[in-house]
Amino acid sequence: MHSADLINLLPYLLPATGGLVILILSIWPKRVSTRFLSTTALTFLLLGATATLLWQVPGAVGSLLVIDEISRIFTLFFMLGAAAIMLLSFGYAPIRNELHEEYLSLILFATSGMALLVSSNNLVSAFVGLEMLAVPLYALIAWQPTRYGAIEGGIKYAVLASFAAAFFLYGVALAYASGGTLDLAELNTIASSASLLPVAITLILIGIGFKVALAPFHMWAPDIYQAAPSPITALFASLSKAATLVFLIRLLCLQLPLIWEALLPLLWGIALISMIVGNLLALHQQNLKRLLAYSSVAHLGYILVALSAGNSAGRDAAIYYAVTLAIMNLGVFAVIVAFTRRDQDRENLTDYRGLGRRYPVLGIGMGICLLALAGLPPTAGFMAKLFAFGAAIEAGNVILAIVAVINTALAFFYYLRVIGVLFSEEETAVGTSLTAQGPLMVIIIAMILVIGLGIFPQWLLGLLEPP
Amino acid sequence: MYWLSVLIFLPVLGALWIGVIGRNKTDFTRWAALAVTSTELLIALGLWWNAAPNAEGYYYLMRVPWIPAMGIQFLLGMDGISLLLVLLTALLGPVAVLVSWHAIKQNWSAFAALLLATQTGIMGVFLSLDLVLFYVFWELMLVPMYFLIGLWGHERRLYAAYKFFLFTLTGSLLMLIAILGLYFIHGEQTGIYTFDYFELLQINLPGKTELWLMLGFFVAFAVKIPLFPIHSWLPDAHTEAPTAGSIFLAGLLLKTGAYGLLRFCLPLFPEASLDFAPIGMTLGVIGILYGALLALVQEDMKRLIAYSSISHLGFVVFGIYAWNQEGLNGAVLLMLAHGVTTGAMFAMIGMLQERSGTRLLTQLGGLLSPLPRLASLLLLFTLSAMSMPGLANFIGEFLVLAGVFQISAGFAFAGALGIITGVVYLLWMYQRAMLGEITVQRLWTDLNRRETVLLGALALAVLWLGLYPAPFLDNLQIPVTALIEAKNAVPTGSINALR
């Protein structure tokens, strides 16, 4: 192993080491303060983020990991995102006294799993990354088990995620059977002759579909969104979905373009179903977290609209969409965290009445993030949709683009409903006063990014262009 | 010319300024909003003063790369048509602020910020020549307007705000598809992927595709204008909006639809538009008669004026699809006249409502003697709205009818019937509100100085447009000629395909 390899491995090692260090601190004879623990965790994350900047791209670690601009941007993004999730957790009243060492170390492990996933060049390393991401989530979803529905949510997610992992593994096995290798670059060379490979990738796609909640594999999403503590919902609604999606994009668009082409009709169908199902189910939803779950099913549908175009514009659009969707969701959940009551989330929309008037910064932040999710210019959400629909039209998928546009109009209805509630004149009893600074910081950064990336999308697109 | 971007961004910067520091400082925000909108008006007048057209008739152009990877530019341009509409937008800005002075009771800073943001969106629509930029502003103006209606409106404001937003949004999203289609077809033909309006003008489209793309644009504009089957958002939105919102809606937002037809539908798709012209004129004439007939039976003054707007905008569409010198000139002049007149009417209805607490004609009456100044100014604007010669609307409607007459006498006759109905409902409205026995005894106060100034300015504009429209018509010469050339360039075989 060369020293360059070590530098390349640092961003994966640092969060994992951080997780271990925090676990060791937990058996330290003297009691360690939460503040010290959180500082340690944040330090490791920031170090990991800095380490990605040392990468020489393009590079590789053996044949397992590939290091390119995509993995750099997303690894950086996940480190900072995980830091944001921690900030949210500190400001989240219901689990404030439950932030033990394990909580922080689980987030750190999940982060290194995400980093591993986005740069996998091998189906095995991808599976390892996927599970390193999923297993901490089982525990985090059920955090503070005395909460209503916590255990139920954790078990539900564990069962379904293992189900998805089984599909994924079966696909991996078939891929090995057809090609005799698990290396994606080598699989590509035999892609034209291996008749089993499309089947294998379809199974992997189903596994991923479960993880990111594409229709018709979306049934778990609303329940888990509702059951998990809001910072954790933010973690898997934005970061973990983005990681899984980026792996899908890498698998189909970068490594196995032939298979991508073969699967286009399937992607087309899933895109159509996801958009329609997600939006229709969100339309009359009265529970904000469930509404966001269904709306993100629809958003995954829009991303597949881009992917089913099968061209380079579609690939770029999907990557851009994955980043912006993660940021917008993070912003929205930051507001939910900030508005939370002492013992539980505000769930029903009626609990949010008038809060936007009373707390203008949070209200405006929520409004901007929701309008961005709806796709209003000049936010990043609009640009993402513009690129995605543009790719579809370029590929001649005009029908799909028109369905997507009608769905977008439909989606405005429920996003506006939420904003209308936030700024309505009657007020719900506010409950606790809001003092947490962390969520406020996250929402402000998310707001700036959502508008900044909307006005200057080439910040992101320029980084993705091969030099 | 960076002044164009000043024109666009001054209001939104003002909105940020007021929104950030203006909380609970009502008096300050009023004056700040007035200052920003007046500066805007001065800049617009200055641009008018210095206007010198280039070969294509553009006074000012500004081109900055925005997203080079997609061929999206920050491309602004001002020709005669946009100049006139920008002037109208700038004029109605201070009017809307002055009208809301005491009418808005709560949250003045947020109200002013949203009003200014709407103005930015509208300015952007009138000035952008890059299709994506145009689309951005086109949707951007919806949001603040949605909040203006939804937060400060009357009884059924939320319903009206939803309806307004969803109607216009669905239309404009279809336009987005058409824009993208145009972009890729142009890219495939020429190898240049761009949203630049001037480049896209050169495009050569196969017949069926051209028709579909044109319809994509047309739906978005038809919702805004609004044309007959998709007009139902308008009466609700106009009635429920606060006075300033109604002024912006009727005075400016409706014009963006007609402007879109002139700027994009006709020049980009001349062949399809020419085929479509008879249908467009039919929709126009239906709008004229339908709006006028429904205005006849309204009790609510705001609703009455809202339906009369449908009728007047029908004339504008009429003139646009007549597609000749008189028709196009008339359509643009009528847009200006309708903006000023209807703006003034909504302002006065707002003032009446502040004084009497109602907009219902059944509960008003005999207000001529207690409110002589208000009544006489209302008479002036009512006469203008029913196109009395010498006042603003007359020139526009006369030119439109003259243009339509060359195409078809039957259509012109139907349009003239619309004017006659207009005289009936407007005079009847005036009679029921101002003449007859006074129904409510209370302490009436006539117009104060602020109201007199703002209405006086609008009255001057009405008189100017009516008596000496030449300075406005001069601006239209080059753009209108260009539009007619686009029509004449269409190969003759394809005309009459739908007639």
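# Reading the terms in a two-chain model

Guide: Of the 467 residues of chain A, 60% count as buried. A residue earns that word if 20 or more other C-beta atoms, placed from the backbone, lie within 10 Å of its own; 12 or fewer make it exposed, and values in between partly exposed. This is a predicted model, in which local features need pLDDT of at least 70 and side-chain atom pairs count only at pLDDT 80 or more, while totals for chains, interfaces and linings use all residues. Residues are numbered from 1 along each chain as its sequence is written, and chains are lettered from A and ligands numbered from 1 in the order in which they are written.

Visitor: Why is Thr233(A) called buried?

Guide: Around Thr233(A) there are 26 other C-beta atoms within 10 Å, and the cut-off is 20 or more, so the residue is buried. Thr233(A) sits in helix α10 (residues 230–255) of chain A; helices here are DSSP runs of H or I with at least four residues, strands are runs of E with at least two, and both are numbered from the N terminus. Setting aside residues up to four places away in sequence, Thr233(A) touches Tyr225(A), Ala228(A), Lys289(A) and Phe333(A). Touching, or contact, requires C-beta atoms, placed from the backbone, within 7 Å.

Visitor: What makes Gln144(A) partly exposed?

Guide: Gln144(A) has 13 other C-beta atoms within 10 Å, which falls between the two limits, so it is partly exposed. Its place is the loop between α5 and α6 (150–179) of chain A. Gln144(A) also has a positive phi, about 55 degrees, although it is not a glycine.

Visitor: And Ser387(B), is it buried or exposed?

Guide: Ser387(B) is buried, since 25 other C-beta atoms lie within 10 Å. Like a good tour stop, this one has a backbone detail too: a positive phi of about 50 degrees in a residue that is not a glycine. Ser387(B) lies in the loop between α15 (372–385) and α16 (392–407) of chain B.

Visitor: Why are α5(A) and α10(A) called roughly antiparallel?

Guide: The axes of helix α5 (residues 123–141) of chain A and α10(A) cross at roughly 170 degrees and come within 12 Å. Axes are lines fitted to C-alpha atoms, for helices over the stretch in contact, and angles between N-to-C directions run from 0 to 180 degrees. Angles under 35 degrees count as roughly parallel, over 145 as roughly antiparallel, 65 to 115 as roughly perpendicular and the rest as oblique. The pair is therefore roughly antiparallel. Among the residues that meet are Leu133(A) and Leu137(A) from α5(A), with Phe236(A) and Ala243(A) from α10(A). By class, this contact has nine nonpolar, one polar and no charged residues, where Ala, Val, Leu, Ile, Met, Phe, Trp, Tyr, Cys and Pro count as nonpolar, Asp, Glu, Lys and Arg as charged, and the others, Gly among them, as polar.

Visitor: What makes α3(A) roughly parallel to α13(A)?

Guide: Helix α3 (residues 69–90) of chain A packs against helix α13 (residues 312–338) of chain A at about 5 degrees, with axes 11 Å apart. That angle is under 35 degrees, so the two are roughly parallel. The contact includes Phe77(A) and Leu88(A) of α3(A), and Val323(A) and Leu330(A) of α13(A).

Visitor: How many residues has the largest nonpolar core?

Guide: The largest nonpolar core has 395 residues, and Ala306(A) and Ala388(A) have the most contacts inside it. Such a core is a set of buried Ala, Val, Leu, Ile, Met, Phe, Trp, Tyr and Cys residues joined through C-beta atoms within 7 Å. Helix α13(A) gives the largest share, 20 residues. In soluble globular proteins, nonpolar side chains tend to be buried together.

Visitor: How do you know that chain B is as compact as a globular protein of that length?

Guide: Chain B has 19 helices and two strands. Its radius of gyration is 22 Å, close to the 23 Å that the globule rule gives for 499 residues, so the description fits. The radius is taken over C-alpha atoms, and the rule is 2.2 Å times the number of residues to the power 0.38. For chain A, the value of 21 Å agrees with the figure near 23 Å for a compact globule of 467 residues.

Visitor: How many residues of chain A are in contact with chain B?

Guide: 21 residues of chain A are in contact with 22 residues of chain B. Helix α17(A) supplies nine residues, the largest share of the chain A side.

Note on methods: Contact = placed C-beta atoms within 7 Å.
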